[in-house]
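Please open the model in a viewer and keep the selection tool at hand. The stops below proceed from one selection to the next.

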Amino acid sequence: MRQYQRLLLIIDQTLHQSPAMLRAAALAKVCGAALHLCAFVEPPPRNHLWEEVTDEAASQRYLQRYREWLLDEAGRLRSQGLEVTTEVVWTTQPLLDMLQYVEEFQPDMLIKDVTLEPVLKRVFVTPLDCHLLRECPVPVHLVNQVRHGLPRRVVAAVDPSNPQTLICGLNDKIIQTANALALQCDAPLHLLYAYDLTPAFNGDAPLAGGSWGSNFMDELREALHAAFVTLADQYGVPPERRHFIMGLPVNVIREFVEEYLADVVVMGTVHRVGIDRLLGSTTERALYSVPGSILAVKPPSHQ
């Protein structure tokens, strides 16, 4: 059975063969999936503040540039044996229009290049990519760079200690998605758990000093490792592909990707409210720090 049958690629507005396009074409080819290229085109910046009336003819000329480029790319991809369709969407609300498009098109995966936003801007405005991670109902594959069009090493990043991920089945979804992708690409699957003992120093936890603190930390680590081993055993991940590493999750994932040359990290996203939403999830923070690409999935109940 094919893992993916309909892939939606949101093309880069700079109109070049981007990393996401290379990844989308490679996945479509190996899966035998239909590939749909869609350009969400925003109005160009106005030259003068007093230009309030939209020139329809000028807008159509602007859109025609995208249509022609997409047709050329579709022809190139079809010559490689791919089934490709295209569409250009004029938008003044990219996020809303993308989400509506996904609801109607129902792809198995949305693929898009990571839009690198300045750090200062991200402090005040939530980037489009982060909104997609939070709100898109289908798996979102955000591509930063590609060493290989087709992934050669896939990593499932899990957290078996988090009650929230256990209750909603997110860890299982992450591993199942990563394993299916790895099998489709004939790539090895690695399981990574970046555990952070820092929270143990908060609240009423024993202080990290003396034998009492040392014993507590050892017992906590053993408990976390046992949970990780149980999860790895459940999915038959061989010992040499199990990675239990202490440290801040984003730092650990970044260093792991660089050391093992991982092509895709499959991570989970859950609904957040309040200060957690403002701070962003580990997946969102990893988006701008981890080389390669991220495939984000939601718990089964949110698909």
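## First stop: D129 and its surroundings

Select D129, whose place is in helix α5; helices (H or I, at least four residues) and strands (E, at least two) are DSSP runs, numbered from the N terminus. This is a predicted model, in which local features need pLDDT of at least 70 and side-chain atom pairs count only at pLDDT 80 or more, while totals for chains, interfaces and linings use all residues. Residues are numbered from 1 along each chain as its sequence is written, and side-chain values use heavy atoms, with hydrogens and water left out.

D129 counts as buried, at 1% relative accessibility; buried means under 20% relative accessible area, exposed over 50%, and partly exposed in between (1.4 Å probe, protein chains only). Which residues does D129 touch, not counting residues up to four places away in sequence? Display K112, D113, V114, T115, L142, L287 and Y288, which are the residues that D129 touches on that basis. Contact here means heavy atoms within 4.5 Å.

## Second stop: the salt bridges

Keep D129 selected and add the side chain of K112: the two meet in a salt bridge, at 2.7 Å from N to O. The term denotes a side-chain nitrogen of Lys or Arg within 4 Å of a carboxyl oxygen of Asp or Glu. Side chains of opposite charge can pair when their charged atoms come close. K112 lies in strand β4 (residues 109-113) and D129 in helix α5 (residues 128-135), so this pair ties together parts that are 17 residues apart in sequence. K112 is buried as well, with a relative accessibility of 7%.

Stay on helix α5 and select R134, together with E284 in helix α11 (residues 282-287). Their side chains meet in a salt bridge of 2.7 Å, N to O. Because R134 lies in helix α5 and E284 in helix α11, the pair ties together parts that are 150 residues apart in sequence. E284 counts as buried, at 9% relative accessibility.

Next, select R242 and D233. The closest N and O atoms of their salt bridge are 2.6 Å apart. R242 is partly exposed, with a relative accessible area of 23%, and D233 is partly exposed at 46%. How many salt bridges does a search of the whole structure find? The search finds four.

## Third stop: the aromatic pairs

Turn now to the rings. A search of the whole structure finds 10 aromatic pairs. Rings of Phe, Tyr and Trp (its six-membered ring) pair if their centres lie within 6.5 Å; planes under 30 degrees apart count as stacked, over 60 as edge-to-face and the rest as tilted.

Select F40 and Y101. Their ring centres are 5.6 Å apart and their planes stand at 80°, so the pair is edge-to-face. F40 belongs to strand β2 (residues 34-41) and Y101 to helix α3 (residues 94-105), so the pair ties together parts that are 61 residues apart in sequence. F40 is buried, with a relative accessible area of 5%, and Y101 counts as buried at 11% relative accessibility.

Move on to Y193 and F228. With ring centres 6.0 Å apart and planes at 40°, this pair is tilted. Y193 lies in strand β7 (residues 189-195) and F228 in helix α8 (residues 210-234), so the pair ties together parts that are 35 residues apart in sequence. Both Y193 and F228 are buried. Add Y195 and F244 to the selection to display a cluster, in which ring pairs link Y193, Y195, F228 and F244.

## Fourth stop: charges over rings

Select R6 and F105. R6 lies over the face of F105, at 4.1 Å from the ring centre. A charge sits over a ring if NZ of Lys or CZ of Arg is within 6 Å of the ring centre and within 35 degrees of the ring normal. Then select R65 and Y66, where R65 lies over the ring face of Y66 at 5.5 Å from the centre.

## Fifth stop: the cysteines

The structure holds zero disulfides, a disulfide being a pair of cysteine sulfur atoms within 2.5 Å. Select C31, which is in no disulfide; the nearest cysteine sulfur, that of C185, is 6.2 Å away. C31 is buried, with a relative accessible area of 3%. C130 also counts as buried, at 5% relative accessibility.

## Last stop: the whole chain

Finally, select the entire chain, which has 11 helices and 10 strands. Of its 303 residues, 46% count as buried. Among contacts between residues at least 6 apart in sequence, 79% join residues at least 24 apart.
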